[in-house]
Amino acid sequence: MKFIKHITIVLILLVSGIAYAQVKFEAKVSKNKLGVNERLRIDFEMNQDGDHFNPPDFSNFTVVGGPNQSVSNSWINGVRSYSKTYSYFLAPKKQGNFTIDQASITIDGETYKTVPLKIEVTSAVDIPKDPNDPDYLAAENIHLVAEISKTNPYLNEAITVVYKLYVSPNTGVDNWQEIDSPRYNDFWSQNIDMQGQKVQTGTFNGEDYRFLVLRKTVLYPQKTGKLNIEPLSLDISVQVPTNRRDIFGRRMMAQAHRTVSAGSKTINVKPLPEAGKPADFSGAVGDFSFDVSMSKTELKASESLQAKVEVKGKGNLKLINLPKISLPSSLEVFEPEHNENVITNLDGMQGSISDTYTVVPQYKGKYPTPSISFSYFDLKTETYKRIDSKETIINVLEGPTSSANSNDNLVANNAKKPVVLSSDQFAFIKTKSNFKPITPSYFFQSNLFWSSLLLPFLAIPLAIVFRRKKAERDADVFGNRIRTADKLAKKYLSNAKKALGKKEEFYIALEKALHNYLKAKLHIETSDFSKDVIKNLLGERKVDVQTITDFIAILENCELARYTPITIVTMQQDYDKAAKTISLIDKQAS
C-alpha cells in the first residue's frame, strides 16, 4: 500500500509539473462587436516570460493606448502562478468585419502565436449616459474647439485659427497625442510659437472651464470660393471622478481615453474686386508703404552705390513680387539681393521686404532714375492704392566721357549707346602672339595625313552600328510614340513657363503637358483620360498616394483656374508643383 501511495504522489507531481510547464499564449478582446464610436481592448496573455513580443498590424484600427504591460507573480500553497499581459486600446477607423492577425513571442527558444480574432464594427451606437461611466464623463468634460478669426476673407487676407482644449475643473488630463493634424492645402500657412503657454480659466457653454491653447496658425487663402480647413484630432488620457471614495473620504479617480476633434471648418474666400484693379497689380493685400532709395547720389565712375526697393507694412509680404528698378543703360546694374525682415503673429505678417541692387556707373554725367510704382489692395477701404517712387538724379563726377553725351547735358533717356573707348584708357598687354615658324611643314606623312587616310575605314563599322540602331528605333513604333509624347510634355511645360503671367495660355499649356506626360508614362490615349483611370493606373505603378492626390489636384487647378482670378504667384506655385510631382512619379513608378 505504501508503495502505491508513493507511486501516486510521484505521478501527481509529474502531472503538476507538466501542466505547469505547458506554455499558454492567447489573445482576448473586451468585445467582438462594437460601434464605430466605441473602444476595443485587446490583451495578449502568457503564463511564462518571453522575448521579442511582436503585436499584429492593427491596420483597420487606431491605437489610442498601449502597449500597457502588467506582470503577476504569486505563490499559493507552494504553487507558483505567473502571468504577463500586453494590453492595447483600439478605436475602429470604419465599419465592417475585420480580422486581428496573430501576435507572436519567443519563450525558451520556441515561437508561439495567438489565434486570429474576428471583430465586427457597426455604425455608431448610443453611449448610455451613465454618470459612473468614465468614458461618458470624459466625453462630457473635455472639448476641443477651433476658433477662426474670419470666415469670409478676401483672397490673400490673413486669418487665424486657434485651437483650444477645454477641461472641466474636476477632470484631469495625463497626456495627449495628435491623431490627425490639419493640412492647409489651399492656404499659405505658418504656425505661431506656443512655448511657455499656461493653463487659463474661461467659460464653455456658460460653464466654468480650464483651457489650454494648443496651436495658433496664420493662414493666407490662395484660392477663392469655399475652402475646407481639416480638423485637428487628439487622443487624450483622462482622469475622471467616480462615486467611490478612499478611506479618507476623498473621491477616487478613474482613467479613460477620449478622442476629441475640432471638426472641419469651411471658409468662404472672396475674390478681389475687378473694378479699379491696376494693370501692374501683383497680388499685394494689406496696408503698405513703398520707397526707392540710393545709398549715395554723387560718386565717381567705377565706384558703386546701392539702390534699394523696399515695401513695409502689414499684409502678405512673403507672397509679394517687388517691382523692378529701371536705370539708364550707362549704369551697370547687378542682380538684386532679396531681404526679408518679417514677423508673423496673430495679426498676420508685419515688417519689410526689399531688393538691393548694386549699381556701377561707367561714364561721367548725370543720370535720372525713373519713377516706379507699387499697387496693393487696402483692406480697410476695400480699394486699390498706388504708390509712386520719387525720381532721383545720380551725379557721376569723375570718369571717362561717352561720345554720345557731353558733361553738361542730362542723360534723359534709357536708349542703349555704343561703348566708346577714350584715349586715356589702358591698352592691355597681349599674352598670345601669332608668330609662325620659318621652317615649312608638309602635309604628306603628317599626322593629319594619316588621320585623313584611316578615318574612312574607321567610320565604316560605326556607320553599320548606327544604321542598325536607327532601323531598330524606327521599327519600335510603341517606343517612338512614347518618346514623341515625352518631347511634347517637355515642350508644353516649357510653353507653360513662358506663359507665366498670362492665365489662359499658362493653364492650357500646363494641362497639355500633364496629359502628354501621362500618355508617355501610362501608355494611354487622350480619349481614355479620367481621374479614376489615372488614380488606378498610378496606384498600380506603386506611386505614393499623396503624389497621386497632388497630380489630380494640379489637373483640377487647370480646369478651375480659367474661370477664377489667379495671381502670378499662384501660377508659379502650380508650375513648381507640376514639375515636382512629375519628378516624383518618375522616381516612384515601377
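**Salt bridges, a pocket and a nonpolar patch**

Lys164 is buried, because its relative accessibility of 16% falls under the 20% limit. The model is a predicted one. Even so placed, the Lys164 side chain meets that of Glu147 in a salt bridge, at 3.3 Å from N to O. Distant parts of the chain are linked by this pair. Glu147 belongs to strand E11 (residues 142-148), Lys164 to strand E12 (residues 159-167), and 17 residues separate them. Glu147 has a relative accessibility of 32% and so counts as partly exposed.

In the whole structure, 16 salt bridges were found. One of them joins Glu38 to Lys31. Their closest N and O atoms lie 3.5 Å apart. Glu38 is partly exposed, with a relative accessible area of 22%. Lys31 is also partly exposed, at 30%. A further salt bridge is formed by the side chains of Lys277 and Glu274, with an N to O distance of 3.3 Å. Here Lys277 is partly exposed, at 31% relative accessibility. Glu274 is exposed: its relative accessible area is 52%, and the limit is over 50%. Elsewhere, Glu26, Lys28 and Glu45 form one network through salt bridges that share partners.

The second largest pocket holds about 860 Å³ of space. Its lining comprises 28 residues. Closest to the pocket centre are Asn185, Asp186, Lys223, Asn557 and Lys577. By class, the lining of this pocket has 10 nonpolar, 10 polar and eight charged residues. Strand E14 (187-191), helix H7 (545-561) and helix H8 (568-588) each contribute at least two lining residues. Helix H7 gives the most, with nine residues.

The surface also carries a nonpolar patch of about 730 Å². Trp450, Leu453, Leu454, Phe457, Leu458, Ile460 and Ile464 make up this patch. Leu458 is located in helix H3, which spans residues 447-475. Is Leu458 buried or exposed? Its relative accessibility is 57%, so Leu458 counts as exposed. Patch residues must have over 30% relative accessible area, and Leu458, at 57%, meets that condition.

Technical notes. Residues are numbered from 1 along each chain as its sequence is written. This is a predicted model: local features need pLDDT of at least 70, side-chain atom pairs count only at pLDDT 80 or more; totals for chains, interfaces and linings use all residues. Side-chain values use heavy atoms; hydrogens and water are left out. On a 1 Å grid over the protein atoms alone, a cavity is a set of points where a 1.4 Å probe fits but cannot get out, and a pocket is an open set with protein on both sides within 12 Å along at least five of seven lines; lining residues have an atom within 4 Å of a point. Grid points are joined across faces, edges and corners, and a volume is the space filled by probe spheres set on the points. Helices (H or I, at least four residues) and strands (E, at least two) are DSSP runs, numbered from the N terminus. Ala, Val, Leu, Ile, Met, Phe, Trp, Tyr, Cys and Pro count as nonpolar, Asp, Glu, Lys and Arg as charged, and the others, Gly among them, as polar. Patches are made of residues with over 30% relative accessible area and no salt bridge: like charges are joined within 9 Å, nonpolar side chains (Val, Leu, Ile, Met, Phe, Trp, Tyr) within 5 Å. Accessible areas come from the Shrake-Rupley method with a 1.4 Å probe; for residues, only the protein chains shown count as cover. A salt bridge is a side-chain nitrogen of Lys or Arg within 4 Å of a carboxyl oxygen of Asp or Glu. Buried means under 20% relative accessible area, exposed over 50%, partly exposed in between (1.4 Å probe, protein chains only).
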